[in-house]
Amino acid sequence: MHLDGGEEEPSPWTIWSDGDYSSSSIPMDEGMKEIAWAHINTCASCGGGCAPGQTKVIFGKSFDGVCNADMAFYRPDSEVLECVKKLLLMRKENIAV
């Protein structure tokens with residue numbers, strides 16, 4: 001995960017995420033999954049090496065044309081930030097294993 005922002009600090013800002021954290025022991029309810037799915041980042045052939053995108057399973061749902069950065073959260077509100085917080089905890093757990 002990484003944070004990114006434009007010239008108009010502190011907004012816009014973006015949180016980029018990658019990885020399917022489905023094997024995590026941290027619970028992800030359907031509402032949080034819906035938020036993650038709504039932020040799937042499709043490949044835009046930017047030169048990052050994923051063109052034309054990949055088929056990936058994110059929290060049990062398959063998506064085509066997905067970028068290397070699986071999800072992009074642009075200008076996240078408080079509800080979206082709660083989802084991102086869970087993703088961070090899942091990633092931390094994944095790294096610790």
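Helices and strands here are DSSP runs, numbered from the N terminus. Keep that in mind as you click around this predicted model.

Start with the whole chain in cartoon view. You'll find 2 helices and 5 strands, and walking along the sequence gives you β-β-α-β-β-β-α. Of the 97 residues, 36% are buried.

**Stop 1: the two helices.** Select residues 30-38 for α1 and residues 78-96 for α2. How far apart are their axes? They sit 10 Å apart, and the helices pack at an angle of about 95°. Angles of 65 to 115 degrees count as roughly perpendicular, so that is how α1 lies to α2. Now show side chains where they touch: Met32, Ile35 and Ala36 come from α1, while Glu79, Val80, Glu82 and Cys83 come from α2. Colour that contact by class and you get 5 nonpolar residues, 2 charged ones and no polar ones.

**Stop 2: strand β5.** Select residues 61-74, then bring in its partners.

- Add β2, residues 13-17: it runs antiparallel to β5, joined by 4 bridges. Click Trp16, and look for its bridge partner Ala72 in β5.
- Add β3, residues 40-42: this strand also pairs with β5 in the antiparallel sense, over 2 bridges. Ile40 stands opposite Met71 of β5.
- Add β4, residues 54-58: here 4 bridges make the antiparallel link to β5. Val57 has Ser62 as its bridge partner in β5.

**Stop 3: the turn.** Zoom in on the hairpin of β4 and β5, where 2 residues lie between the strands. Which residue there takes a positive phi? Select Phe59: its phi is near 50°.

Methods: Residues numbered from 1 in each chain as written. Predicted model: local features only at pLDDT ≥ 70, side-chain atom pairs only at ≥ 80, totals over all residues. Heavy atoms only, no water. Buried < 20%, exposed > 50% of the residue type's maximum accessible area, 1.4 Å probe, protein only. Axes fitted to C-alpha atoms, helices over the stretch in contact; angles between N-to-C directions. Parallel < 35°, antiparallel > 145°, perpendicular 65-115°, else oblique. Contact = heavy atoms within 4.5 Å. Nonpolar A, V, L, I, M, F, W, Y, C, P; charged D, E, K, R; others polar. Pairing = 2+ DSSP bridges.
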